[in-house]
Amino acid sequence: MNQYLSDFDRTFLNRYTLPIVGVSKEARARMMYEEDKRLQDLSWMNSQVDQLKKVDPAEAKELAKIRDDTFTRDNSP
């Protein structure tokens with residue numbers, strides 16, 4: 001939580017969490033952490049695809065498809 005939420009956020013904004021309406025500060029910090037991790041993994045995968053393009057463009061295209069299937073968010077209900 002200390003890494004992802006400011007002091008103001010930790011102490012004032014989310015002092016009380018309503019169970020139905022609000023999200024706890026721990027849950028918000030966890031969501032921020034998971035998004036950072038997803039973006040780091042995506043960046044690493046992009047560099048792997050770029051390196052593979054130089055050696056085997058066909059395999060790079062297949063890896064790019066796997067990357068897109070893995071890291072693309074589906075916001076449909």
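How many salt bridges does the structure hold? The structure holds 6 salt bridges, a salt bridge being a side-chain nitrogen of Lys or Arg within 4 Å of a carboxyl oxygen of Asp or Glu. The model is predicted, with local features requiring pLDDT of at least 70 and side-chain atom pairs counted only at pLDDT 80 or more, whereas totals for chains, interfaces and linings use all residues. Residues are numbered from 1 along each chain as its sequence is written, and side-chain values use heavy atoms, with hydrogens and water left out.

The protein chain has 3 helices and 0 strands, where helices (H or I, at least four residues) and strands (E, at least two) are DSSP runs numbered from the N terminus. Buried residues, those under 20% relative accessible area (exposed being over 50% and partly exposed in between; 1.4 Å probe, protein chains only), make up 16% of the 77 residues in the protein chain.

Two of the salt bridges involve helix 2 (residues 25-55). The side chains of Arg30 and Glu34 meet at 3.0 Å, N to O, and these residues are 4 apart in sequence, about one helical turn; Arg30 is partly exposed at 49% relative accessibility, as is Glu34 at 40%. The side chains of Glu35 and Arg38 form a salt bridge at 3.1 Å, N to O.

In helix 3 (residues 57-71) lies Arg67, which is buried at 16% relative accessibility and whose side chain forms a salt bridge with that of Asp68 (3.0 Å, N to O). Asp68 is partly exposed, at 37%. Beyond residues up to four places away in sequence, Arg67 touches Leu42, Met45, Asn46, Val49 and Thr72, contact meaning heavy atoms within 4.5 Å.
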